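Welcome! Here is a short tour for anyone meeting this structure for the first time. Take a look at it, then read on.

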Amino acid sequence: MSSSSEVQELLAKLVAFDTTSTKSNLELIAFIKTYLDGYGVASTLIPSADDAKASLFASIGPSGGGIGLSGHSDCVPVEGQTWSSDPFQLQFRDGKLYGRGSCDMKGFLACVLASVPLFTSRELKEPVHIIVSYDEEVGCTGVRPLIARLGSAVPRPRAIVVGEFTSMAVIDAHKGIDAYCTVVTGREAHSSLPQRSVNAISIAAELIKEIDRIGAALASREIDDRFNPPFSTLQVGTIKGGTATNVVPNTCEFHWQVRSLPDAEPDFAPNRLNTYAEQTLLPRMRQVAPTASIETQHRGSVPAFLAKPGSEAVALALALTGANATSTVSYGTEGGLFEEAGCPTVICGPGDTEQAHVADEFVATAQLDACMAFLTKLAEKLSS
Ligand SMILES: [Zn+2]
């Protein structure tokens with residue numbers, strides 16, 4: 001069997017597990033564990049707090065240092081998308097393998113698993129570590145308990161390759177994501193008496209206009225031409241408020257998100273929104289309703305990723321791909337968390353951004369071949 005049919009067979013098995021982030025990934029993890037057992041490779045599982053999910057860490061070779069190959073097992077939902085074929089049954093058409101997660105990022109995991117015999121058959125001078133996480137698509141939460149155990153329950157790699165879809169380009173930076181929720185509390189009244197009320201939806205609208213002004217300010221503040229767009233951005237994603245047209249609404253809640261350049265001033269956007277709320281809106285609201293309030297809560301973050309100058313992870317990926325330059329991506333990954341934890345990290349994996357998260361998601365077999373070449377060179381490097 002050629003290596004590429006081996007990869008495709010593994011990818012078909014991984015895609016067949018519906019590991020949408022809202023579901024358990026335990027069957028997929030059990031499959032990987034059994035597969036690794038078959039090559040005499042032991043796995044450490046790190047369960048989630050509710051035991052519904054787990055991440056996996058496995059090492060091949062001697063102890064000390066080594067290269068981590070990291071991927072997430074979860075994928076985004078297929079609900080609301082129109083697929084040409086069953087998203088959980090891998091389909092081959094015109095050099096492309098279609099299926100949910102084929103690009104993001106079971107293609108990389110299939111390549112890593114397919115290269116296990118390559119690693120176990122060699123006399124490795126340095127180990128290779130396989131890292132499989134969960135809940136990446138819902139805020140990179142699943143990898144955090146595993147990262148907390150690096151150097152204790154599991155070894156700490158000297159460099160980590162996060163195999164997110166980069167078309168095998170070497171990525172050394174991406175923006176960070178911060179999510180916020182703002183709740184406006186005004187005062188309810190019959191709609192015939194608006195002067196005795198504070199309309200929470202109207203106040204929210206003013207805050208959202210301020211968010212748009214903050215966006216314009218961000219666009220002229222910190223510029224980094226390596227990113228597209230070359231500045232930090234923000235946007236409101238959802239809004240909820242009111243019960244009927246004849247009732248002045250007393251609450252309105254909206255959710256918004258900031259995507260920041262790696263070296264952006266932290267909290268610029270929430271600080272500016274709070275200043276606007278406190279100095280402009282609240283004094284006016286409290287003249288009518290003393291208990292009126294505007295509260296903004298930080299709801300989670302995915303840290304930006306920026307490899308350190310001279311990063312050994314970046315140097316490794318450049319050597320293995322033969323590329324002579326690095327680039328950036330616009331999406332978030334677990335890379336910033338690994339880098340923050342002191343593990344030099346690089347993002348490099350098969351598949352194209354255009355194919356991730358969409359209906360008829362696919363990975364080109366040529367991309368899987370390029371990833372296998374990368375892993376083959378890694379095996380040579382670690383054994384020479
Ligand atoms: Zn991903």
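## The zinc site

Let's begin with two residues: His72 and Asp104 are both buried. Keep in mind that this is a predicted model. Both residues help to hold the zinc ion, which is coordinated by His72 through NE2, Asp104 through OD, and Glu164 through two OE contacts, at 1.8 to 2.5 Å. His72 belongs to strand β3 (residues 67–72) and Asp104 to helix α3 (residues 102–114), so this pair ties together parts that are 32 residues apart in sequence.

Along the chain, the donor residues follow the spacing H-x31-D-x59-E. What is the geometry of the site of the zinc ion? The site is irregular, with angles of 55 to 147 degrees among its four donor atoms. For comparison, ideal angles for four tetrahedral donors are 109.5 degrees.

## A sheet of three strands

Helix α3 also takes part in the surroundings of an open sheet. The strand order there is β4-β5-β18, with antiparallel pairing. β4 (91–93) and β18 (362–364) are the edge strands, each pairing on one side only. From one strand to the next, the twist averages 25 degrees.

Three bridges join β4 to strand β5 (residues 96–98), and Phe92 has Leu97 in β5 as its bridge partner. Two helices can be seen against this sheet. α3 touches β5 and β18, its direction making about 50 degrees with that of β18. Helix α10 (residues 365–383) touches β4, β5 and β18, at about 60 degrees to the direction of β18.

## A sheet of four strands

Another open sheet has the order β11-β13-β9-β14, again with antiparallel pairing. Because β11 (233–241) and β14 (293–302) stand at the edges with a single partner strand each, one side of each is left without a neighbour in the sheet. The twist here averages 20 degrees from one strand to the next.

Strand β9 (residues 176–185) is joined to β14 by nine bridges; in one of them, Ala179 is partnered with Gly300. Helix α7 (residues 268–288) packs on this sheet, touching β9, β11, β13 (251–260) and β14, and its direction makes about 165 degrees with that of β14.

## The nonpolar cores

The largest nonpolar core has 79 residues, and those touching the most other members include Leu69, Phe119, Leu375 and Leu378. α3 gives the most to this core, with nine residues. Beyond its close sequence neighbours, Phe119 is in contact with residues including Ile60, Leu69, Val128 and Leu382.

Apart from this core lies another, of 28 residues, among them Ala204, Ile211, Leu273 and Ile294.

Conventions
Residues are numbered from 1 along each chain as its sequence is written. This is a predicted model: local features need pLDDT of at least 70, side-chain atom pairs count only at pLDDT 80 or more; totals for chains, interfaces and linings use all residues. Side-chain values use heavy atoms; hydrogens and water are left out. Two strands pair if DSSP finds at least two bridges between them. Axes are lines fitted to C-alpha atoms, for helices over the stretch in contact, and angles run from 0 to 180 degrees between N-to-C directions. Contact means heavy atoms within 4.5 Å. Donors are N, O and S atoms within 2.8 Å of the metal (3.2 Å for Na, K and Ca); water is not among the atoms, so sites may look incomplete. Four donors count as tetrahedral if all angles lie between 85 and 135 degrees; four count as square planar and six as octahedral if opposite donors are over 155 degrees apart and all others between 65 and 115; anything else is irregular. Buried means under 20% relative accessible area, exposed over 50%, partly exposed in between (1.4 Å probe, protein chains only). A nonpolar core is a set of buried Ala, Val, Leu, Ile, Met, Phe, Trp, Tyr and Cys residues joined through side-chain atoms within 4.5 Å. Lists of a residue's contacts leave out its neighbours within four places in sequence.
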